[in-house]
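Okay, everyone, thanks for coming. I'll put the model up and then walk you through a few parts of it.

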Amino acid sequence: MYQFFVESEQIQGKEILIRGGDVNHIKNVLRMRVGQELAVSNGVDGREYRCGIVALEEDVIRCELRFVKEDGAELPSRIYLFQGLPKADKMELIVQKAVELGAYQVIPVATHRSVVRLDEKKAAAKVSRWQAIAQAAAKQSKRGVIPQVQQVMDWKQALEYVRDIPVKLIPYELAEDMDKTRELIEGLEPGRDIAVFIGPEGGFEEEEIETAMAAGATPITLGRRILRTETAGMTVLSWLIYRLER
């Protein structure tokens with residue numbers, strides 16, 4: 001079942017209109033025909049709109065709504081991944097996999113040990129690129145929403161952003177007691193928003209951990225092995241899927 005994202009205004013009662021680059025993809029790449037079924041999401045409400053193609057026009061695919069699938073692919077909790085800016089193109093992989101694993105938002109964070117430093121112009125271009133990757137990953141994994149990649153924040157801004165998020169987890173290489181971490185994860189209730197902080201190469205400064213704890217974050221351990229920054233977030237997201245997925 002192929003899935004496409006449209007704007008909310010393109011869903012007009014029983015008629016759904018697909019425009020833009022997807023028109024050529026449907027007609028000339030997938031070679032779909034009138035009567036075939038596809039899935040459409042507006043990227044906002046998490047619903048999956050199943051519809052059948054009724055017309056293949058030059059600049060629009062006209063579809064007829066067949067039914068709405070309410071229980072889509074979204075997790076019952078919104079997970080915010082705060083990722084310390086990594087080197088090279090690792091952020092592209094992190095965004096892609098985080099979206100596949102159910103993250104609700106990805107927030108790049110310039111921490112003390114982040115080697116990468118982006119000026120305003122470069123940051124805007126990077127975020128635009130990361131957002132395109134998020135959209136492609138959402139389509140591939142049949143997400144009901146397109147996760148937002150936020151603008152790059154500093155540490156203070158990131159902690160302010162999570163002020164009202166009830167659960168805040170921060171993996172830290174000096175944290176111990178796997179039993180405590182396991183108990184914390186198993187005690188999470190579906191429906192509560194969760195923030196996850198991942199450090200860059202080199203990890204977090206002790207002062208950053210202290211300020212995060214003062215803001216309500218709980219340090220956790222990911223085991224006896226030191227994980228790369230691009231692995232740590234995926235590990236936590238996998239644990240959360242296992243606990244929260246209905």
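So, start at Gln3: its bridge partner in S4 is Ala39. This is a predicted model, by the way. The two strands here, S1 and S4 (residues 37-41), pair in the parallel sense over 3 bridges. Zoom out and you get an open sheet of 6 strands, in the order S1-S4-S5-S6-S3-S2, with mixed pairing. At the edges sit S1 (3-5) and S2 (11-12), each pairing on one side only. Helix H1, residues 21-29, packs on that sheet and touches S1, S3 (15-18), S4, S5 and S6 (61-69). The direction of H1 makes about 160 degrees with that of S1.

Now look at Glu48, in strand S5, which covers residues 48-56. Is Glu48 buried or exposed? With a relative accessible area of 10%, Glu48 is buried, because the cut-off for that is under 20%. Its side chain makes a polar contact of 2.4 Å with the side chain of Arg50. Leaving out residues up to four places away in sequence, Glu48 touches Gln3, Ala39, Val40, Ser41, Phe67, Val68 and Lys69. So there's our Gln3 and Ala39 pair again, touching Glu48.

Next, the aromatics. The count comes to 6 aromatic pairs. One of them is Tyr80 with Tyr104, edge-to-face, 5.6 Å centre to centre and 70 degrees between the planes. They're 24 residues apart, with Tyr80 in strand S7 (residues 79-84) and Tyr104 in the loop between H2 (90-100) and S8 (105-110). Tyr80 counts as buried at 8% relative accessibility, while Tyr104, at 28%, counts as partly exposed.

Another edge-to-face pair is Trp155 and Phe197, at 5.5 Å centre to centre and 65 degrees between the planes. Trp155 is in helix H4 and Phe197 is in strand S12 (residues 194-198), 42 residues apart. Both Trp155 and Phe197 are buried. Ring pairs link these four residues into a cluster with Phe82, Tyr161 and Phe204.

Last stop, helix H6, residues 206-214. Glu208, Ile209 and Ala212 are buried there. Why do they line one face of the helix? Seen down the axis of H6, the buried residues fall within an arc of 100 degrees, so they line one face. They pack against H4 (155-161), S11 (167-171) and S13 (218-220). On the other side of H6, Glu206, Glu207 and Ala214 are exposed. After H6 comes Gly216, with a positive phi near 105 degrees.

Note on methods: Residues numbered from 1 in each chain as written. Predicted model: local features only at pLDDT ≥ 70, side-chain atom pairs only at ≥ 80, totals over all residues. Heavy atoms only, no water. Helix = DSSP H or I, 4+ residues; strand = E, 2+ residues; numbered from the N terminus. Buried < 20%, exposed > 50% of the residue type's maximum accessible area, 1.4 Å probe, protein only. Polar contact = N/O pair within 3.5 Å; in protein donor to acceptor, adjacent residues only side chain to side chain. Contact = heavy atoms within 4.5 Å. Arc of directions from axis to C-beta. Pairing = 2+ DSSP bridges. Axes fitted to C-alpha atoms, helices over the stretch in contact; angles between N-to-C directions. Phe/Tyr/Trp six-rings, centres within 6.5 Å; stacked < 30°, edge-to-face > 60°.
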